[in-house]
Amino acid sequence: MGEAVTPPEPDTEQAAAGRLLDLVRSLVTTHVSWKPLLIGAVITGDDHMRLYFRSPERDRTYGVDVLISQTGPGLLGALTSPAYLANEYLHRPSDDPHCDVLVDLTDY
């Protein structure tokens with residue numbers, strides 16, 4: 001049998017959802033053909049979320065893991081830079097069916 005999954009407390013889940021929406025709003029802009037395109041986001045833990053970006057230059061989708069509480073201007077600038085996501089040093093194989101490559105920015 002698998003482990004029992006305990007849902008987060010309603011207040012914690014509501015706070016995380018609010019932070020996620022604030023972050024997504026800051027990334028949603030007019031599309032520019034050379035910038036990565038935000039195509040989705042999901043909360044993966046109390047302070048963790050995965051953002052999904054489509055590369056404009058490659059036929060690839062990136063799953064980027066971030067800490068919701070640590071998102072600031074530096075991280076947001078990095079995420080909208082095609083060169084940053086293309087840095088293969090940061091890539092990990094993906095076990096997520098929604099992305100080709102994972103980028104862990106939880107230490108950013």
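S1 and S2 form a hairpin with four residues between them, and that turn-back is a friendly place to start reading this predicted model. Strand S1 covers residues 37-43, and its pairing with S2 is antiparallel, with six bridges. If you want one spot to find on screen, look for Gly-40, which stands opposite Tyr-52 in S2.

**From one hairpin to the next**

Follow the chain onward and a second hairpin appears: S2 and S3 form it, with six residues between them. These two strands also run antiparallel, joined by seven bridges. Here the pair to look for is Arg-54, which lies opposite Thr-61 in S3. S2 takes part in both hairpins. Is S2 mostly covered or mostly open? Mostly covered: five of its seven residues are buried.

**The whole sheet**

Now step back. The protein has three helices and five strands, and from the N terminus on they follow the pattern α-β-β-β-α-α-β-β. In which order do the five strands lie in the sheet? The order is S1-S2-S3-S5-S4, in an open sheet with mixed pairing. S1 and strand S4 (91-93) stand at the edges with a single partner strand each, so one side of each has no neighbour in the sheet. On average, neighbouring strands of this sheet are turned by 30 degrees against each other, direction ignored.

The antiparallel pairings were described above for S1 with S2 and for S2 with S3. S3 and S5, in turn, pair in the parallel sense, over four bridges. Within that pairing, Asp-65 has Asp-104 in S5 as its bridge partner. Keep both of these aspartates in mind, as they come back later in the report.

**The nonpolar core**

In soluble globular proteins, nonpolar side chains tend to be buried together. In this model the largest nonpolar core has 16 residues, and those with the most contacts inside it are Leu-51, Phe-53, Val-64, Val-66, Leu-79 and Leu-105. Which elements give two or more residues to this core? They are strand S2 (48-54), strand S3 (61-67), helix H2 (73-79) and strand S5 (101-104).

Leu-105 is a good residue to click on. Leaving aside residues up to four places away in sequence, Leu-105 touches Val-64, Asp-65, Val-66, Leu-75, Leu-79 and Tyr-84. Among these neighbours, Val-64, Val-66 and Leu-79 also belong to the group with the most contacts inside the core.

**Charged partners**

Side chains of opposite charge can pair when their charged atoms come close. How many salt bridges does the count come to? The count comes to four, and three of them are laid out here, each with the distance between N and O atoms.

| Salt bridge | N to O distance |
|---|---|
| Arg-50 with Asp-65 | 2.6 Å |
| Arg-92 with Asp-65 | 3.8 Å |
| Arg-92 with Asp-104 | 3.5 Å |

Take the pair Arg-50 and Asp-65 to begin with: Arg-50 is in strand S2 and Asp-65 in strand S3, 15 residues apart, so to speak two distant parts of the chain linked. Both of these residues are buried. The pair of Arg-92 and Asp-65 also links distant parts of the chain, with Arg-92 in strand S4, Asp-65 in strand S3, and their positions 27 residues apart.

Why does Asp-65 count as buried while Arg-92 is partly exposed? The cut-off for buried is under 20% relative accessible area. Asp-65 has a relative accessibility of 11%, so Asp-65 counts as buried. Arg-92 has a relative accessible area of 34%, so Arg-92 is partly exposed.

Arg-92 has a salt bridge with Asp-104 as well. That pair joins strand S4, where Arg-92 sits, to strand S5, where Asp-104 sits, 12 residues apart. Asp-104 is partly exposed, with a relative accessible area of 35%. Through shared partners, the salt bridges join Arg-50, Asp-65, Arg-92, Asp-96 and Asp-104 into one network.

**The protein in overall figures**

A few totals round off the picture. Of the 108 residues, 33% count as buried. The protein exposes about 6900 Å², and carbon and sulfur atoms supply 53% of that area. Among contacts between residues at least 6 apart in sequence, 47% join residues at least 24 apart.

Note on methods. Residues are numbered from 1 along each chain as its sequence is written. This is a predicted model: local features need pLDDT of at least 70, side-chain atom pairs count only at pLDDT 80 or more; totals for chains, interfaces and linings use all residues. Side-chain values use heavy atoms; hydrogens and water are left out. A nonpolar core is a set of buried Ala, Val, Leu, Ile, Met, Phe, Trp, Tyr and Cys residues joined through side-chain atoms within 4.5 Å. Buried means under 20% relative accessible area, exposed over 50%, partly exposed in between (1.4 Å probe, protein chains only). Contact means heavy atoms within 4.5 Å. Accessible areas come from the Shrake-Rupley method with a 1.4 Å probe; for residues, only the protein chains shown count as cover. Two strands pair if DSSP finds at least two bridges between them. Axes are lines fitted to C-alpha atoms, for helices over the stretch in contact, and angles run from 0 to 180 degrees between N-to-C directions. A salt bridge is a side-chain nitrogen of Lys or Arg within 4 Å of a carboxyl oxygen of Asp or Glu.
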